[in-house]
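Welcome, and thank you for taking a look. Let us walk through this protein together, from the overall picture to a few individual residues.

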Amino acid sequence: MGMQQMIKYMEQNEKIYAMMKQCPYEILREWKLTEFKAGTILFSQGDIQDSFYIMVEGVADISVIGENGKKYVQSTYHKGDMIGELEIVDRLPFISNVEAVTDVVLMGLKREHFLNWLQLDRNFNEYFIRSILKLQYDILKKEGDNNLYTLHDRVCSYLLRCLPHGQKRAEGIVIKVDKQQLSHQFAVTPRSINRILSDLKKQGIIDLRKQELIVLDAMQLQLELEERKSRD
């Protein structure tokens with residue numbers, strides 16, 4: 001895969017285009033595309049990488065391993081998300097693991113070219129700063145939500161955030177997550193997740209089929225979250 005494929009990715013994704021629309025040719029030609037199979041550990045907690053990455057295909061989980069040995073999923077990467085942006089400038093060790101949930105394609109740029117890009121491209125410089133600030137905002141908001149809202153509310157909110165990335169079918173929107181993944185996401189037992197998903201299924205809001213979670217009624221899912229918050 002060469003430059004034509006990278007340009008195709010830029011044209012097909014608004015986030016990638018917004019980031020790279022003014023990327024100088026001397027930087028553009030330095031990008032490399034790499035493919036990974038589902039289940040692959042892309043980056044390991046504590047590793048030092050010498051490249052900056054953009055996800056152009058697939059889904060990947062960001063997780064950390066706690067002192068108790070348990071895996072805690074912090075977030076999920078989708079198309080257009082940056083990887084390694086917190087570590088690349090000062091070559092810091094990765095603060096988390098990145099694991100491919102599906103087959104993944106990354107665009108990678110060596111650190112020296114990345115730093116040059118920041119200097120040459122004002123558009124990307126501003127995009128990069130805004131993205132870092134938004135990431136910090138989202139982290140603080142998530143910490144606040146974990147303290148303020150019940151697990152039921154957080155699961156409903158998570159499913160709503162996943163909807164734009166789901167696959168539309170006649171019966172609803174398919175989200176590629178499983179119960180084990182959700183238990184990692186919220187650092188709780190699978191039994192706690194099963195109880196909440198069973199309640200949502202009984203209400204006709206979702207359906208569960210093997211590794212698929214299907215949102216049957218997105219509007220009711222939103223109402224479920226709002227009504228529970230109003231009662232708290």
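How many helices and how many strands make up the secondary structure of the protein? There are nine helices and 12 strands. Please keep in mind as you read that this is a predicted model.

Let us stay with the whole protein for a moment. Of its 232 residues, 41% are buried. The protein exposes about 13,200 Å², and carbon and sulfur atoms supply 49% of that area. Contacts along the chain are also worth a look: among those with a separation of 6 or more, 69% join residues that are 24 or more positions apart.

Now let us turn to a pair of helices. Two packed helices are described by the angle between their axes and the distance between the axes. Here, helix α6 covers residues 151–162 and helix α8 covers residues 190–202. They pack at an angle of about 65°, and their axes are 10 Å apart. Because angles of 65 to 115 degrees count as roughly perpendicular, α6 is described as roughly perpendicular to α8. The crossing of α6 past α8 is right-handed. If you would like to find the contact in the model, look on α6 for L151, H152, V155, C156 and L159. Their partners on α8 are S192, I193, I196, L197 and L200. What kinds of residues meet here, nonpolar, polar or charged? Eight of the residues in this contact are nonpolar, two are polar and none is charged.

While you are at α8, you can also pick out S198, which lies in this helix. With a relative accessible area of 35%, S198 is partly exposed. Its C-alpha atom is separated by 8.9 Å from that of L208, and the two residues are 10 apart along the chain.

Next, find helix α4, which spans residues 111–120 and holds L118. Is L118 buried or exposed? Its relative accessibility is 15%, so L118 counts as buried, since the cut-off for buried is under 20%. Leaving aside neighbours within four places in sequence, L118 is in contact with F124, N125 and F128. L118 can also be compared with C23, which is 95 residues away along the chain: their C-alpha atoms are separated by 9.6 Å.

Strands deserve a visit too. V73 sits in strand β5, residues 71–77, and is buried, with a relative accessible area of 3%. From V73 to N97 is 24 residues in sequence and 9.1 Å in space, C-alpha to C-alpha.

Let us finish with two loops. The loop between β3 (51–57) and β4 (60–65) contains V59, which counts as partly exposed at 23% relative accessibility. Which residues does V59 touch, not counting those up to four places away in sequence? They are T76, Y77, H78, E99, A100, V101, T102, D103 and V104. The C-alpha atoms of V59 and A38, 21 residues apart along the chain, are separated by 8.9 Å.

The other loop runs between β6 (82–83) and β7 (97–100), and R91 is found there. Most residues other than glycine have a negative phi. R91 has a positive phi of about 50°, although it is not a glycine. With a relative accessible area of 36%, R91 is partly exposed.

Note on methods
Residues numbered from 1 in each chain as written. Predicted model: local features only at pLDDT ≥ 70, side-chain atom pairs only at ≥ 80, totals over all residues. Heavy atoms only, no water. Axes fitted to C-alpha atoms, helices over the stretch in contact; angles between N-to-C directions. Helix = DSSP H or I, 4+ residues; strand = E, 2+ residues; numbered from the N terminus. Parallel < 35°, antiparallel > 145°, perpendicular 65-115°, else oblique. Left-handed = near helix turned anticlockwise from the far one by under 90°. Contact = heavy atoms within 4.5 Å. Nonpolar A, V, L, I, M, F, W, Y, C, P; charged D, E, K, R; others polar. Buried < 20%, exposed > 50% of the residue type's maximum accessible area, 1.4 Å probe, protein only. Areas by Shrake-Rupley, 256 points an atom, 1.4 Å probe, with all protein chains shown as cover.
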